[in-house]
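Please work through the exercises below with the sequence and the model side by side, and try each task before reading its solution.

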Amino acid sequence: MEFTFTEEQEMLRTSARDFLETECTEKLVREVEDGDEGYSPELWKKIADLGWLGLVYPEQYGGAGMNVIDLAVLYEEFGRTMFPSPHLSTVVLGGMTVLEAGSDAQKADILPKIADGSKIVALALTEPESAWEMKKTWDPEGVTVSATADGDNYVIDGTKLFVHDAVVADDILVVTRTKTGGNPADGITLFLVDAKSSGISVMPLITVAGDKQCEVAFNKVKVPKASIVGELNGGWAPLSKAMQVATVMLCAQMLGAGQRLLELSVDYAKTRIQFDMPIGINQYIQEHCVFLLRDVNGGRWSTYLAAWKLAEGEPCDFEVSVAKAWGSDAHEHACWCAHQVHAGVGYTVFDGVVPLYSRRGKTLQLYMGDTAYHKEKIATILEGWPAPEKPKAKPLGLWEEVPDRGWIPEWWNEFDKGT
Amino acid sequence: MDFNYTEEQEKLRKEVHEFFSSNLPSDYRPRGVGGTGTTLEQFQFWMDLQRKAGAKGYLTPGWSKASGGLGLSDMEQGIVSEETSYWGATWPGSQGIRVCGPPVHVFGTEEQKSTFLPGIAKGEVIWYQAFTEPDAGSDEANVSLRATEENDHYILNGQKTFITAPGPADYLYTLARTQDVIPKHRGISLFLIDAHSPGISYSALATLGIFTVDIFFDNVKVPKSRLLGELNRGFYHAMVTFEFERSTTGAAAGARRNLEELIEFCREEKRNGQPLLKDPAVRNLLADRAIEMELSWLQGWFAAWHFSQRDKLGSPPPEAGGLHGKVVSADRAQQLIDSLGLYGQLRRGSKYCKYEGRAANAWMSSRSTHPAGTIEINKIVLAGRGLGLPRIPAKFNKEIRAAVEGVGV
């Protein structure tokens, strides 16, 4: 067991922090929020040049051949600076699904374009109904938007909701139902559709984070068969792999954001003077800071354990859900604590940075499943746990139902208690 | 980054696992209160198994072979401690093993080492860590048990309280005041004392959880050869003890076993014709426990790994996992007892009792979160030493006390 990062990972962390602190300022985050696109095209170009868009793709597709742990290191820094971009949609949810399930031709066409920054992808998974039934939101049960065969084409019909980054997407990865009855995961087909296809309408929603989540309506959209990614009816497996990576990346972002909130809060507690003393001398304030530390620290290694398992290609449903179940709750609480330490200063929309983290944090907590959703996943896994192992020596009858009446063990009666 | 155990570690785990599975009777039930069982027979069973484990070197795997251990590395010790906890083995001699033995290794004379260490390693003796006093709880340096020098020995007078008593004591590992000085922690010394020295007496101080005792010292003669380490440096020496007390990989393994037992109970027990496992509140409770178990596993191994690299890495970063465990333990116990409705009140052996009364026991013992520092002290330490937040310097304490005395009354 080794709790270390490689030299390359440490370098990536340092260079990402330096770059983002200069480029992804609070000012930029606010400007992007006020704009219509949800990202900065100039910055997108710059991170393409840094290789951050192809980080986890093989070199043959213009990537850097790095792994999910490396990506998590980068996402911690994204979280720290609240980097607003369609990176998760494009690189992870779109690109990694294509990498997993796409044909050679699709991979050769799409991945290099993602890596060089010329293609943005959005994932259209959740729907008005499934988003309301929280147990189904991120499961195949929730997918009802249909794709019906029509000669060499399919016709997609229905509405997707909370589609991140659809306003700027070149392509939309649409999760459709192509078969009903039986196992809900069987019958899911993925289509990578040109966002400008006729019949698609995109409308951004107004969110607390000011990010660009959209309603995407598919009105009998005709798409060629060739745009299917992976197998007909077999789209859920590759998509869910990419979703697992995305889930861990959200954890990493919350980790980075939480770390920053901890630093800001401790610094404020040390420097803000009231009653002639730094407020951090008060144990009520200290408590908020200590809980912030707990919230942030608790999630660090559960996030990296999940990332490590993904990188090793090991099954990790349990680890991913533990990381996100803890991460989302802890992040909400971390934001709360930061608000309490900052009080009024932590409440002002234009000057305070805490509200910015708080608002943007809610999206991270909800996306790919909140705490309640992942706790239910964990409970389902626990149902399958084996019974506790029984020891093998011959029974002694010492653990028969001896009533637990008193409070004093029997040996005490025999013990020499002195004078 | 690597979260795998090595092949050698896996091999060691198998050995220790086999030791427990072949020595624990098939009708064994892990018990909550006191850990070491409430009947004399159960206590004897644990003493016997402790001796067997001692003969294997499993009690003190990190100690050298010469002093009764296996000379295992920090990480390998973590494996032994995981397996021990998984099986719910709580040794009557655990304080000697974990708390009192290590400082004897570090600060003891050759004579002290050869007198005390073999008995601990072999699992033959029971030590009490006798630190807490009526006026020295969280304020550990406020020790007033007095040790007065007289010829070739010290005379001890005073009282210890809330001393964990997992069985009849053989030895006491005790902090006593040897000098009146400011700051107070500079006048405290450590003593290794025969538990049955004339003048020592005990009385029961039962709690909602583990059994504890009061210890009274009335002109107790302790030979000078039983002073551990330097005179008046005992408080600093004892800090080493606390380090040992807090490093653990066993907690998560014990939590795993508990969770397995609880899941099994919820699988078999039905409500409204459905297993309890299908009850949403129970599922929530189980998931919470699984999350905390996993985090505790990571935290335990991170600590063990960091400790194993201490020459390179120095002291570990501030860690709030222990605090979290304390903070949520009461919630978890409450969720469990409440999920059994009226039945939650029943103790083991009562008619209609469910889950062997474990919910009631866990709930009662969860009222205490003070061992190794209260939740509040943990927060203060983390805020000060961990995050560098300011505190009022101790030199003002008396002035503040004088200023507030009577105010608001």
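The exercises that follow go from a single helix to domains, a strand pair, the chain interface and one residue. This is a predicted model, in which local features need pLDDT of at least 70 and side-chain atom pairs count only at pLDDT 80 or more, while totals for chains, interfaces and linings use all residues. Residues are numbered from 1 along each chain as its sequence is written, and chains are lettered from A and ligands numbered from 1 in the order in which they are written.

**Exercise 1. A helix and its surroundings**

Compare the expected span of helix 3 of chain B with the distance between its end C-alpha atoms, and state what covers its buried residues.

Solution. Helices (H or I, at least four residues) and strands (E, at least two) are DSSP runs, numbered from the N terminus. The expected span of a helix is 1.5 Å times one less than its number of residues, so the 13 residues of helix 3 of chain B (residues 74–86) should span 18 Å, and the end C-alpha atoms are indeed 18 Å apart.

Next, apply the burial rule, under which a residue is buried if 20 or more other C-beta atoms, placed from the backbone, lie within 10 Å of its own, exposed if 12 or fewer, and partly exposed in between. Twelve of the 13 residues of helix 3 of chain B are buried, among them B:Met75, B:Ile79 and B:Tyr86. Their cover includes helix 1 (7–23), helix 7 (250–268) and helix 8 (280–308) of chain B. Just after helix 3 of chain B, B:Gly88 has a positive phi of about 70°.

**Exercise 2. Two domains of chain A**

Describe the contact between domain 1 and domain 3 of chain A.

Solution. Domain bounds come from an automatic or database domain assignment, which divides chain A into domain 1 (7–119), domain 2 (123–234) and domain 3 (237–383). The C-alpha centres of domain 1 and domain 3 of chain A are 21 Å apart. Counting two residues as in contact if their C-beta atoms, placed from the backbone, lie within 7 Å, 21 residues of domain 1 of chain A touch 27 residues of domain 3 of chain A. On the domain 1 side, helix 4 of chain A gives the most, with ten residues. By class, this side has 13 nonpolar, three polar and five charged residues, where Ala, Val, Leu, Ile, Met, Phe, Trp, Tyr, Cys and Pro count as nonpolar, Asp, Glu, Lys and Arg as charged, and the others, Gly among them, as polar.

**Exercise 3. A strand pair**

How do strand 6 and strand 7 of chain B run, and how many bridges join them?

Solution. Two strands pair if DSSP finds at least two bridges between them; strand 6 and strand 7 (residues 212–223) of chain B are joined by six bridges and run antiparallel. Within this pairing B:Tyr202 stands opposite B:Ile215 in strand 7 of chain B, and a hairpin of six residues joins the two strands.

**Exercise 4. The chain interface**

Which helix of chain B gives the most residues to the side that touches chain A?

Solution. In total, 74 residues of chain B are in contact with 64 residues of chain A. Helix 8 of chain B gives the most to the chain B side, with twelve residues, and that side divides into 39 nonpolar, 20 polar and 15 charged residues.

**Exercise 5. One residue**

Is A:Ala372 buried or partly exposed?

Solution. A:Ala372, found in helix 12 (residues 371–383) of chain A, is partly exposed because 14 other C-beta atoms lie within 10 Å. The C-alpha atoms of A:Ala372 and A:Lys135 are separated by 8.6 Å, although these residues are 237 residues apart along the chain.
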